[in-house]
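Biologist: I would like the terms in this model set against their cut-offs, one by one. Shall we take them in turn?

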Amino acid sequence: MDKPMHTPLQQHDAQIADLIKKETARQKDGLEMIPSENHTSDAVLEALGSRLTDKYSEGYPGMRYYGGCEHVDAIETLARDRAKQLFGADHANVQAHSGCAANIAVYVALLDPGDTLMGLKLDHGGHMTHGLKVSVSGMYFNSIQYGCSKDGYIDLDEARALALAHRPKLIVVGGSAYARQYPWAEFRTIADEVGAFLLADMSHVAGLVAGGVHPNPVGIADVVTTTTHKTLRGPRGAIILSNGHPSTPLKRVERATENMPTLIDRAIIPGIQGGPHNHQTAAIAVALNEALQPAFTTYANQVIKNAKTLAEALMEHEYELMTGGTDTHLMLVDLTNKGVTGKQAERALGVSGITVNKNTIPHDPRKPFDPSGIRLGTPALTTRGMKEAEMKLIAGWIDRTISHHENENALKAIRREVEELCVQFPLHRGVYDVC
Ligand SMILES: *Cc1c(COP(=O)(O)O)cnc(C)c1O
């Protein structure tokens, strides 16, 4: 490689540059309806693409194993303070590289290998890290799984009965395909009854919590984890929130709620990670500052208004929604009555320019790689400025796509209509905008 260090990517590595451009175009020209996705601001992208990625800074602000950390210290402190302010917590750890790492850190902090934890089943809307057998959460811990009732709501009676029977040390509440508000307080009661720690994983709804349109688990759960890249609209990453204050380094602490900040910080490093991703931390700080502005409350409200409008429009087209609707940014659609599988729907909608993901429904008779349902969400569309009128149009396109899922010409015609709408709601410029 004799190319100078300052060559733009396009000349330096055209293969990668072209693929990034293609992906940017795919996002711009289509409707991103995967509920765990969003579009970040240019400012977030700028922070993410900065020199901060070059810096090692193992440890925490003021207590690093490397020199030259004065600026990354200030950045991490700002990120932590903004997270604490936004969610009303005493302590925030912003170093977990992703949501999975955040959850694993909580287990390392609070459990010994072989201890019992209890979470929502993946195929009922939970997450792999909540005790799936093939995840570390199910391999190294004794995992008990609760589910949803036939109507799609979390089955609190089952969760309580399982907790009483198995006495888990930790209960996890949260998920990735649940359309209703998470019952944080109800799970607090169950956890107290069996003396378990409560972890609230608000990854999907953190932006709604920030905007004041979903109950906040901080102060109810002993510890709260969240990704930063879903409804919260930041870069990929995670935050772990708790109450209490970190203790002095090296002092032994009991596994108790008031020691959570120390337990979490030590679980992240040296427990499971090394150096923090400072570019990611800076971008998280930028996103948190965005979420602290009044405009973000408007955004969060609109995400829900859009989801409710889309849900109602789909139900008018005789789609069956789990729980009969939504309180959040997402909905889970059972396609059984339409004679189409989730996989077929995902493919056809992709051809129409509408990106969704196939998903199991609670008690799904089909297999996860070709399940009965799809999961739809409004966070990314709302970021682009779409409102109720667009949701009604989109419901019509979804219905036409599913009704004509084997007719490629019909799907291509829908795609042209989708692209016309997308032109009216441009993505922000971004570094690799193609226009
Ligand atoms: C997305 C998600 C995670 C994991 O996040 P990654 O950043 O993909 O590791 C964990 N828990 C829940 C509930 C999620 O939705």
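Biologist: Which residues does Gln-302 touch?

Modeller: Leaving aside residues up to four places away in sequence, Gln-302 touches Thr-382, Met-386, Lys-387 and Glu-388. Contact here means heavy atoms within 4.5 Å. This is a predicted model, where local features need pLDDT of at least 70 and side-chain atom pairs count only at pLDDT 80 or more, while totals for chains, interfaces and linings use all residues. Residues are numbered from 1 along each chain as its sequence is written, and side-chain values use heavy atoms, with hydrogens and water left out.

Biologist: Why does Gln-302 count as buried?

Modeller: Buried means under 20% relative accessible area, exposed over 50%, and partly exposed in between, with a 1.4 Å probe and protein chains only. Gln-302 has 10% relative accessibility, so it counts as buried. Its place is in helix H12.

Biologist: What makes a stretch a helix or a strand, and where does H12 lie?

Modeller: Helices (H or I, at least four residues) and strands (E, at least two) are DSSP runs, numbered from the N terminus. Helix H12 covers residues 294-316 and lies across S11, S12 and S15, at about 15° to S12. Such angles run from 0 to 180 degrees between N-to-C directions, with axes fitted as lines to C-alpha atoms, for helices over the stretch in contact.

Biologist: How do you know that S12 and S15 pair?

Modeller: Two strands pair if DSSP finds at least two bridges between them. Strand S12 (residues 330-334) and strand S15 (residues 373-377) are joined by 5 bridges and run antiparallel, so the criterion of at least two is met. Met-331 has Leu-376 in S15 as its bridge partner. These strands belong to an open sheet of 4 strands with antiparallel pairing, in the order S11-S12-S15-S14. Its edge strands, S11 (320-321) and S14 (357-359), each pair on one side only.

Biologist: What is the strand order in the sheet of 7 strands, and what is its pairing?

Modeller: The order is S4-S10-S9-S8-S7-S5-S6, the sheet is open and the pairing is mixed. Strands S4 (91-93) and S6 (142-146) stand at the edges with a single partner strand each, so one side of each has no neighbour in the sheet. On average, neighbouring strands of this sheet are turned by 20° against each other, direction ignored.

Biologist: What packs on this sheet?

Modeller: Helix H8 (residues 184-194) does, touching S6, strand S7 (170-174) and S8, with its direction at about 170° to that of S7. Helix H10 (residues 260-272) lies across S4, S8, S9 and strand S10 (238-242), running at about 10° to S4.

Biologist: How many bridges join S5 to S7?

Modeller: There are 2, and the strands run parallel; at least two are required, so S5 and S7 pair. Met-118 has Ile-171 in S7 as its bridge partner. S5 is also joined to S6 by 5 bridges, again parallel, and Gln-145 in S6 is the bridge partner of Gly-119. Strand S5 (residues 116-120) is mostly covered, with 5 of its 5 residues buried.

Biologist: Why is H11 called largely enclosed?

Modeller: Of its 14 residues, 11 are buried, so the rest of the structure largely encloses H11. Among the buried ones are Asn-278, His-279 and Leu-288. Their cover includes helix H3 (42-48), helix H4 (70-87), helix H9 (206-210), S10 and H12.

Biologist: How do you know that the span of H4 agrees with what is expected?

Modeller: The expected span is 1.5 Å times one less than the number of residues. For the 18 residues of H4 that gives 26 Å, and the end C-alpha atoms are 26 Å apart, which agrees. Buried residues of H4 include Val-72, Asp-73 and Phe-87. Just after H4, Gly-88 has a positive phi of about 70°.

Biologist: Which residues come nearest the ligand?

Modeller: Of the 13 residues around the ligand (a heavy atom within 4 Å), Gly-99, Cys-100, Asp-201, His-204 and Lys-230 come nearest.

Biologist: What makes the Asp-201 pair a polar contact?

Modeller: A polar contact is a pair of N or O atoms within 3.5 Å; within protein, one must be able to donate a hydrogen and the other to accept it, and residues adjacent in sequence count only if both atoms are side-chain atoms. An N or O atom in the side chain of Asp-201 is 2.6 Å from a nitrogen atom of the ligand, so this pair qualifies. An N or O atom in the side chain of Lys-230 is 2.7 Å from an oxygen atom of the ligand. A backbone N or O atom of Gly-99 lies 3.0 Å from an oxygen atom of the ligand.
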